Amino acid sequence: MNYQNLLIEIKDKIAIVTINRPDKLNALNSQTMSELKSAFTELNNNNEVYVVILTGSGEKAFVAGADISELSKLDMISGKEFSEKGQDIFNTIENLSKPVIAAVNGFALGGGCEVALACHIRLASENAKFGQPEVNLGIIPGYGGTQRLTRLINSGRAMEYILTGDMIDANEAYRIGLVNHVYPLSELMNKAMEMAKKIISKGQNAVRLTIKAVNIVDEVSFKEGQNYEASLFALCCGTEDFKEGTKAFLEKRKPAFKNR
Ligand code: COA
């Protein structure tokens, strides 16, 4: 499928999705949001893709937020629809059956921070800047930011960043656990690819069930989460990959997973 505002490259089981509106710092207009929904749905169904990397075009921005020219036209009714639609699209990313790595290569503000939060792992370049500056526009984050940021970095910090709209530089983002690693911009994509390749070398049933087990944590009690973990663990034990992984260890060789 051809996209107006996304570039998609699939190679060696890795899909690189680049949000491509550099003249608007990759701001998420409705066209781009619809394309993200279609692209991630398609990639989820594409058996040739094991890991997705999401990044932004150019060297300045990952995504500078929802498109403010569109935002400015919302009223109460369309605002609710806008928020719910965006939440649904980012839920699609969070619930993708395969890992999604955000390679945050610059500004990740508003919806840009929120889409990074919906990814499973965040890597940032040294020039990356995160933030939820919606308060400057008289609104609150509407694509899941109040929920995901609070869960990831704790409520006191999330409250501060959302109430002040302050930007968080890459080192601070690393310190507070908002990103997993920080790299020079020139190395960011290579590091994301390296991580993707490492994940691809593992048994993919275990990889995909890990996402399910971790993602359920905010929805159920600890006991229910443990029950769910036990069921998924049992599923893994029924796979050929499990037999191969354990056999390979005991034979002191690398496993040859067939993802069955
Ligand atoms: N929506 C629409 N357009 C945006 C945008 C957004 N969220 N963010 C940037 N742009 C556009 C600018 O309007 C400008 O377009 P123009 O050249 O046609 O005038 C272009 O992208 C470049 O942005 P500019 O502001 O000139 O770059 P800068 O380096 O001076 O500042 C930012 C960069 C990110 C600090 C600044 O663009 C900004 O604050 N953006 C809005 C961030 C925001 O509030 N996001 C949350 C929205 S809910």
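Visitor: Into how many nonpolar, polar and charged residues does the shell around the ligand divide?
Guide: This is a predicted model. In it, 17 residues surround the ligand. Among the closest are Lys60 and Ala66. By class, the shell divides into 10 nonpolar, 2 polar and 5 charged.

Visitor: Which residue has a side chain with an N or O atom 2.5 Å from an oxygen atom of the ligand?
Guide: The closest residues include Lys24, Ala64 and Ile68. Ala64 places a backbone N or O atom 3.0 Å from a ligand nitrogen. Ile68 also uses a polar backbone atom, 2.9 Å from a nitrogen of the ligand. The side-chain contact to a ligand oxygen, at 2.5 Å, belongs to Lys24.

Visitor: What share of the ligand's exposed area does the protein bury?
Guide: Start from the backbone contact at Ile68, 2.9 Å from a ligand nitrogen. Then take the ligand alone: it exposes 860 Å². Of that, the protein buries 59%.

Visitor: Which helix and which strand each supply at least two residues of the shell around the ligand?
Guide: The helix spans residues 68-71. The strand covers 107-109. They are helix 2 and strand 6.

Visitor: How do helix 9 and helix 10 run, roughly parallel or roughly antiparallel?
Guide: Helix 9 covers residues 204-215, and helix 10 covers 222-237. Their axes come within 10 Å and cross at roughly 175°. An angle over 145 degrees counts as roughly antiparallel. Therefore helix 9 and helix 10 are roughly antiparallel.

Visitor: How many charged residues are in the contact of helix 9 with helix 10?
Guide: Helix 9 brings Ala206, Leu209, Lys212 and Ala213. They meet Tyr228, Leu232, Leu235 and Cys236 of helix 10. The contact has 7 nonpolar residues and no polar ones. The charged count is 1.

How values were computed: Residues are numbered from 1 along each chain as its sequence is written. This is a predicted model: local features need pLDDT of at least 70, side-chain atom pairs count only at pLDDT 80 or more; totals for chains, interfaces and linings use all residues. Side-chain values use heavy atoms; hydrogens and water are left out. A residue is near a molecule or strand if one of its heavy atoms lies within 4 Å of it. A polar contact is a pair of N or O atoms within 3.5 Å; within protein, one must be able to donate a hydrogen and the other to accept it, and residues adjacent in sequence count only if both atoms are side-chain atoms. Accessible areas come from the Shrake-Rupley method with a 1.4 Å probe; for residues, only the protein chains shown count as cover. Helices (H or I, at least four residues) and strands (E, at least two) are DSSP runs, numbered from the N terminus. Ala, Val, Leu, Ile, Met, Phe, Trp, Tyr, Cys and Pro count as nonpolar, Asp, Glu, Lys and Arg as charged, and the others, Gly among them, as polar. Axes are lines fitted to C-alpha atoms, for helices over the stretch in contact, and angles run from 0 to 180 degrees between N-to-C directions. Angles under 35 degrees count as roughly parallel, over 145 as roughly antiparallel, 65 to 115 as roughly perpendicular and the rest as oblique. Contact means heavy atoms within 4.5 Å.
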